Amino acid sequence: MALNSGSSPGIGPYYENHGYQPEHAYPQRPPVAPNVYQVYPAQDYPSSVPQYAPRVTTHTSTTSVIHRQPKSGEQCTSKTKKALCVTLTLGLVLAGAAVAAGLLWKFLEDKCSESEMECSSSGKCISSSLWCDGISQCPNGEDENRCVRLYGPSFILQVFSSQRKSWHPVCQDDWNENYGRAACKDMGYKDSFYFSQGIPDNSGATSFMKLNLSAANIDLYKKLYHSDTCSSRMVVSLRCIECGVRSVTRQSRIVGGSSASLTEWPWQVSLHVQGVHVCGGSIITPEWIVTAAHCVEEPLNSPRYWTAFAGISRQSLMFYGKRHQVEKVISHPNYDSKTKNNDIALMKLQTPLSFNDVVKPVCLPNPGMMLDPDQECWISGWGATYEKGSTSDVLNAAMVPLIELSKCNNKYVYNNLITPAMICAGYIQGTIDSCQGDSGGPLVTWKNSIWWLIGDTSWGSGCAKAYRPGVYGNVTVFTDWIYGQMRANS
């Protein structure tokens, strides 16, 4: 979190908001996408600590072993030695068969990759991005038969109609919570359900999905049919998880760069590699964390390097708290390391988090949410408090307004480098910004008495410089992708 004077606009170097990354002098910025720079360890950090991007070998090296040939008198000649040789040989064969069987089982079990889902009728693997796209990819069309989403700030449940190729709200008539639990499960909320209720339909919908209670099939989606009327005039609002709430009253203003408590930002996590804070992240379920794709570029794309800490506000106290190992790292398949487009990734934890006053999830933004062009948002993290500084020991937070895409793409600002998958937030004159070490952390906003995850800290030019505001991954365009990965890896 940086709080600079911003007196000089400067071209400045591009940075990725990695942990413990000093700035270096680079040539002036050409009007092209940001370059990727090698990450070096901070000069003021003990040299015994590995670099941010440790030079780990991703493939196990094989050491040649020299086997001494037995002399003529040492070969299997006696009956005892022959029996021993046969036993050893048989043991090796059985061990090899067991390993082969294990590998085969693992292959069959994990037939589809992390970014794919399996057609239940055929076993065919389909990219999760193709599910619920209106086109049947599976032989029996099951990729288009269980498509649900939550719409708008009121969490209106919508079901996709493969016949009409459009989304429709679900009428409250004859609805019960068992159907809500089924819908939450199909969105990727494995064992999570908060509540469902009927709310007035203010969307102007002219077609609804309605329950046919006379249908013999117990499947929710086979009970639904199209209707142009909804007698209750109420539609289903579904909450799969209690998210976006915190244990303190919202403050009217948070001073930029000031220290913050985790009761204010309970979804904030610190992601460590070999004992070093590298990136931030946001809790969205007990098992899932949202972060930035550039945090998990090779060689850090393996989950074994990562440890997540939640509920602790000081880096110096992290190792006294509970750590959570990461089970899966899933980077967006269309992430571009040069332009930082689609800079979002997910981490699945090996063991679920236990929610309390300082560990809570933030809400994913639903499609249909309307934000003001200069919507007030908040950033938080352990990033440097000034450009070229070291990572902060304490969690800091600051208010930054959104900046319209057209303003951020002005030739004097980022000159058309900002894509629809990015959001700018901060101040054109500088003064308050995210900085190195804040990467992957949350950009949140307050709407309808709920905190929503609008962005993840991605990149910028310097810290808190005039005409160089912070750039964030636009989480609002990734919600469907996030739900797809949660479904595929539940």
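Strands, such as those that bound the loops named below, are DSSP runs of at least two residues marked E, and they are numbered from the N terminus. The model treated in these exercises is predicted.

**Exercise 1. Backbone at two loop residues**

Task: Determine where Asn448 lies with respect to the strands, and state how far the residue is exposed.

Solution. Step 1: Asn448 belongs to the loop that runs between β21 (442-447) and β22 (450-461). Step 2: its phi is near 55°, which is a positive value in a residue other than glycine. Step 3: buried requires under 20% relative accessible area and exposed requires over 50%, so Asn448, at 45% relative accessibility, counts as partly exposed.

The treatment carries over to Tyr467, which is placed in the loop between β22 and β23 (470-474). Phi of Tyr467 is near 65°, again positive in a residue other than glycine, and with 37% relative accessibility Tyr467 counts as partly exposed.

**Exercise 2. A peptide bond in a loop**

Task: Decide whether the peptide bond from Glu298 to Pro299 is cis or trans, and locate Pro299 in the chain.

Solution. Step 1: omega for the bond from Glu298 to Pro299 is near 5°, and the bond is cis. Step 2: Pro299 is found in the loop between β14 (288-291) and β15 (306-310).

**Exercise 3. Three disulfides**

Task: For the pairs Cys184 and Cys240, Cys243 and Cys363, and Cys408 and Cys424, work out the geometry of the link and the parts of the chain that it joins.

Solution. A disulfide is a covalent bond between the sulfur atoms of two cysteines. With sulfur atoms within 2.5 Å taken as the cut-off, the count comes to six disulfides, including the three discussed here.

Step 1: Cys184 is joined to Cys240 with an S to S distance of 2.1 Å, and the link is left-handed, with -95° about the S-S bond. Because Cys184 lies in helix α2 (residues 177-186) and Cys240 in the loop between β10 (234-239) and β11 (258-259), the pair ties together parts that are 56 residues apart in sequence. Both of these cysteines, Cys184 and Cys240, are buried.

Step 2: the sulfur atoms of Cys243 and Cys363 are 1.9 Å apart, and the torsion about their S-S bond is about 95°, so this disulfide is right-handed. Cys243 sits in the loop between β10 and β11, while Cys363 sits in the loop between β17 (345-349) and β18 (376-381), and the pair thereby links distant parts of the chain, 120 residues apart. Cys243 is buried at 4% relative accessibility, and Cys363 is buried with a relative accessible area of 0%.

Step 3: Cys408 and Cys424 are joined with an S to S distance of 1.8 Å, and their link is left-handed, with -80° about the S-S bond. Cys408 lies in helix α4 (residues 405-408) and Cys424 in strand β20 (residues 422-425), so the pair ties together parts that are 16 residues apart in sequence. Cys408 and Cys424 are both buried.

**Exercise 4. The surroundings of Ser207**

Task: Establish whether Ser207 is buried or exposed, and find which side chain makes a polar contact with the side chain of Ser207.

Solution. Step 1: Ser207 is found in the loop between β7 (195-200) and β8 (208-211). Step 2: its relative accessible area is 7%, so Ser207 is buried. Step 3: a polar contact of 3.0 Å joins the side chain of Ser207 to that of Arg164. Step 4: leaving aside residues up to four places away in sequence, Ser207 touches Arg164, His168, Pro169, His226, Ser227 and Asp228.

**Exercise 5. Aromatic rings and charges**

Task: Classify the ring pair of Trp265 and Trp267, and identify the residues whose charged ends sit over the rings of Phe155 and Trp265.

Solution. Step 1: ring centres within 6.5 Å define a pair, and by this rule there are twelve aromatic pairs. Step 2: Trp265 and Trp267 are 6.2 Å apart centre to centre with 70° between the planes, and the pair is edge-to-face. Step 3: Trp265 and Trp267 are both buried, and ring pairs link them with Trp378, Trp446 and Trp451 into a cluster. Step 4: Arg246 lies over the face of Trp265, at 4.8 Å from the ring centre, whereas the charged end of Arg239 sits over the ring of Phe155, 4.3 Å from its centre.

Technical notes:
Residues numbered from 1 in each chain as written. Predicted model: local features only at pLDDT ≥ 70, side-chain atom pairs only at ≥ 80, totals over all residues. Heavy atoms only, no water. Helix = DSSP H or I, 4+ residues; strand = E, 2+ residues; numbered from the N terminus. Buried < 20%, exposed > 50% of the residue type's maximum accessible area, 1.4 Å probe, protein only. Polar contact = N/O pair within 3.5 Å; in protein donor to acceptor, adjacent residues only side chain to side chain. Contact = heavy atoms within 4.5 Å. Phe/Tyr/Trp six-rings, centres within 6.5 Å; stacked < 30°, edge-to-face > 60°. Lys NZ or Arg CZ within 6 Å of the ring centre and 35° of its normal.
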